[in-house]
Amino acid sequence: MTEEFVRHQVGGRVTATMVARHAGVSVATVSLVVNGKHRGRVSPANVAKVRQSIAELGYVVDRVASSLSKGSSDLVILISPDISNPFFAGVIAGIKQVLGKRYQLLVSVTDDGNLPQAQEVRASLEFRPAALLVFAPAETFVDAVRGHAPMVLIDAPGMEHLAPTINIDIEASARALGEHLTSLGHRTFGYLDSRTGSRTFQMRRDALMDQISGSGGHESISEVATSIVSYEAAGEAFTQAWPQWSRDGVTSVICATDIQAYGVIGAARSLGLAIPGDLSVASFDNLSYSAISSPSLTSVELPSVELGRSAASVALALIDGEAVSVSHEVFAGQLHVRESTAALTTS
């Protein structure tokens with residue numbers, strides 16, 4: 001065992017030069033193998049030697065040094081206000097399906113569902129990402145980080161002029177939900193919003209209000225409550241809002257996310273309310289659990305995997321210097337009517 005490898009075992013760092021010596025190949029050959037550019041350029045036998053040496057020595061690519069030499073890294077960064085909501089698992093899965101092994105995905109998340117601030121992601125930008133995927137951003141954030149890497153915005157209605165965007169037709173989806181509830185006879189609604197304050201949440205709430213107020217009766221939404229996207233926080237927010245909502249005659253509660261709806265249902269039961277006998281509950285996301293919960297939850301499906309795939313595809317095109325012919329893509333949501341909403345009964 002050479003002196004270099006002994007130093008590594010007691011805390012030193014393995015370099016590409018050490019891997020090359022161990023494998024009996026050139027440093028250039030090691031670089032081709034670790035960067036996936038060896039096909040047709042390095043013999044299968046030497047590829048096997050390099051990979052075996054990497055495994056034996058525990059070599060890890062210095063991505064910072066690599067990004068400095070190439071001008072960018074093989075990292076794609078997803079910047080999101082909150083991934084506690086399982087909806088984001090679908091977005092991430094879609095992104096990774098497209099990125100494959102060519103790029104690594106790094107997720108940068110803010111606390112408690114707050115909108116991201118530029119200073120919070122500056123450390124990540126030092127890695128010189130190949131692209132940025134920004135979920136539900138504020139326009140000020142986009143302005144602050146623009147220029148660091150090719151950027152794609154996800155669920156960013158109204159920001160199509162800033163960067164390529166992948167959006168949900170949230171207005172049509174919200175109107176479909178409002179139409180469903182008013183057709184059941186509900187006239188007074190409670191609304192539990194996300195505290196994030198991003199434009200996408202504002203649009204779904206506003207579209208619902210427009211549908212409800214324009215349905216031709218005396219429909220109204222009581223005072224809007226807010227919480228972070230959390231089962232416990234949503235339950236607490238509902239419990240605090242319910243005395244006023246009850247006095248206002250609320251018969252249906254609409255939540256910005258399924259997670260919040262689960263919290264509302266749990267809190268409502270603790271207060272002795274039957275769902276949907278005393279109170280109908282509906283929301284957005286259509287998480288997998290919503291179809292099998294008790295009661296099953298009426299929810300608008302938001303196409304998370306499709307959003308992730310499309311955003312990653314546009315990002316790869318931008319990285320490769322291709323002209324992006326469609327800078328604004330919109331996916332439709334779908335209303336799933338289930339047991340948590342029912343026709344209003346009159347006594």
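Which strand holds V300? The answer is β11, which spans residues 298-301. This report covers a predicted model. It treats V300 and then the cavity search.

## V300 and its surroundings

V300 has a relative accessible area of 1%. The cut-off for buried is under 20%, so V300 counts as buried.

The contacts of V300 beyond its sequence neighbourhood can be listed. Leaving out residues up to four places away in sequence, V300 touches S173 and L177. V300 also touches S283, F284, D285 and N286. Q334 and L335 complete the list.

V337 offers a backbone distance for the strand residue. Its C-alpha atom lies 8.5 Å from that of V300. Along the chain, V300 and V337 are 37 residues apart.

## The cavity

How many cavities of 30 Å³ or more does a search of the whole structure find? The search returns one. The volume of the largest cavity is about 170 Å³.

The lining of the largest cavity comprises 18 residues. Closest to the cavity centre are N85, F87, F88, F135 and F201.

## Who supplies the lining

Two helices stand out by name here. α6 (87-99) and α10 (199-213) each contribute at least two residues to the lining of the largest cavity. α10 gives the most, with three residues.

What is the make-up of the lining of the largest cavity by class? Nine residues are nonpolar. Five are polar, and four are charged.

Methods. Residues numbered from 1 in each chain as written. Predicted model: local features only at pLDDT ≥ 70, side-chain atom pairs only at ≥ 80, totals over all residues. Heavy atoms only, no water. 1 Å grid on protein atoms, 1.4 Å probe; cavity = no way out; pocket = protein on both sides within 12 Å on 5 of 7 lines; lining within 4 Å. Points joined across faces, edges and corners; volume = space filled by probe spheres on them. Helix = DSSP H or I, 4+ residues; strand = E, 2+ residues; numbered from the N terminus. Nonpolar A, V, L, I, M, F, W, Y, C, P; charged D, E, K, R; others polar. Buried < 20%, exposed > 50% of the residue type's maximum accessible area, 1.4 Å probe, protein only. Contact = heavy atoms within 4.5 Å.
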